[in-house]
Amino acid sequence: MAVEMALATTMATETQFHVLAVDDCLIDRKLIERLLKTSSYQVTAVDSGSKALEFLGLNGENELRDSKPASVSPDPYHHHIEINMIITDYCMPGMTGYDLLKKIKESKYFKDIPVVIMSSENVPSRINRCLKEGAEEFFLKPVQLSDVNKLRPHLMKGRCKEEEEDQPNNKRKGMEEIVNSPDRTRTRYNDGLEVV
């Protein structure tokens, strides 16, 4: 009975995760949006890094470092929207996914949001650079459902941080064990690759 209740709670929690998907290619954007929705995530999709920053309320350099954004949505009626993860294409005109990653990690208020980078090019130096800058994962396109299934530990890790900030004395040892499990796949694309 306790296991069934825990599973029901987990499933209910998972449907509350909101992912911001960023890709300039309509086909890739629709694919990732469909995969995320199939996995019960709420999805907002935009076609550029600048639109992602606008959605988050991070339009200017000062906003990134000094002030709390008014909302995480450009629409004043959606102040309640919370982003739990950003998944972005690497190669985009204007602002690359790497540039977006750096802006998010520089932000005082969004630096803890997990960021996942996608690319159709398997370039080890690019993958390593993104991971060192703070990306949680680097997926090769086309993204598959098995890739999307690997997002949950990162989302749970982010949720734990939020809960710890809300309740500093609340310890979540059980959740830390799940998040820090050996099933993490951060280096899976580095295996067997020769780094020059």
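This report walks through a predicted model, starting with its sheet and ending with its helices.

## The sheet as a whole

Let's begin with the strands. Five of them form an open sheet in the order β2-β1-β3-β4-β5, and the pairing is parallel. As background, strands in a sheet pair through backbone hydrogen bonds, and they can do so in a parallel or an antiparallel way.

Which strands sit at the edges? They are β2 (42-46) and β5 (137-140), each of which has a pairing partner on one side only. Going from one strand to the next, the sheet twists by 20° on average.

## Strand β3 and its neighbours

Now zoom in on β3, which covers residues 85-89. On one side, β3 pairs with strand β1 (residues 18-22) in the parallel sense, over four bridges. Here V19 stands opposite M85 of β3. β3 also runs parallel to β4, again joined by four bridges, and in that pairing I86 is found opposite V115 of β4.

Is β3 enclosed or open? Five of its five residues are buried, so the strand is largely enclosed by the rest of the structure. Remember that side chains in a regular strand alternate between the two faces of the sheet. Both faces of β3 turn out to be covered: M85, I87 and D89 are buried on one side, and I86 and T88 are buried on the other.

## A closer look at T88

T88 is a handy residue to follow, and its place is in strand β3. Its relative accessibility is 0%, and because buried means under 20%, T88 counts as buried.

What does T88 touch, leaving aside residues up to four places away in sequence? The list is V22, G97, L100, V115, V116, I117 and M118. One of these, L100, also takes part in the contact between helices α3 and α5, which comes up again below.

## The β4 and β5 end

Over at β5, strand β4 (residues 115-119) runs parallel to it, and four bridges join the two. One bridge to look for links M118 with F139 of β5. Helix α6 (residues 124-133) packs on the sheet here and touches both β4 and β5, with its direction at about 150° to that of β5.

F138 belongs to strand β5 as well. At 1% relative accessibility, F138 counts as buried. Try finding R126 too: it is twelve residues from F138 along the chain, and the two C-alpha atoms are 9.6 Å apart.

## Helix α6

Which residues of α6 are buried? They are P124, R126, I127, N128, C130 and L131. The cover over these buried residues includes α5, β4 and β5. Just after the helix comes G134, which has a positive phi of about 125°.

## Helices α3 and α5

Finally, look at helix α3 (residues 49-56) and helix α5 (residues 97-106). Their axes come within 9 Å and cross at roughly 20°. An angle under 35 degrees counts as roughly parallel, and α3 and α5 are therefore roughly parallel to each other. Their crossing is right-handed.

Which residues make the contact? From α3 there are G49, A52, L53 and L56, and they meet L100, K103 and I104 of α5. Sorted by class, this contact has five nonpolar residues, one polar and one charged.

Technical notes: Residues are numbered from 1 along each chain as its sequence is written. This is a predicted model: local features need pLDDT of at least 70, side-chain atom pairs count only at pLDDT 80 or more; totals for chains, interfaces and linings use all residues. Side-chain values use heavy atoms; hydrogens and water are left out. Axes are lines fitted to C-alpha atoms, for helices over the stretch in contact, and angles run from 0 to 180 degrees between N-to-C directions. Angles under 35 degrees count as roughly parallel, over 145 as roughly antiparallel, 65 to 115 as roughly perpendicular and the rest as oblique. A crossing is left-handed if the near helix is turned anticlockwise from the far one by less than a right angle, and right-handed if clockwise. Contact means heavy atoms within 4.5 Å. Ala, Val, Leu, Ile, Met, Phe, Trp, Tyr, Cys and Pro count as nonpolar, Asp, Glu, Lys and Arg as charged, and the others, Gly among them, as polar. Two strands pair if DSSP finds at least two bridges between them. Buried means under 20% relative accessible area, exposed over 50%, partly exposed in between (1.4 Å probe, protein chains only).
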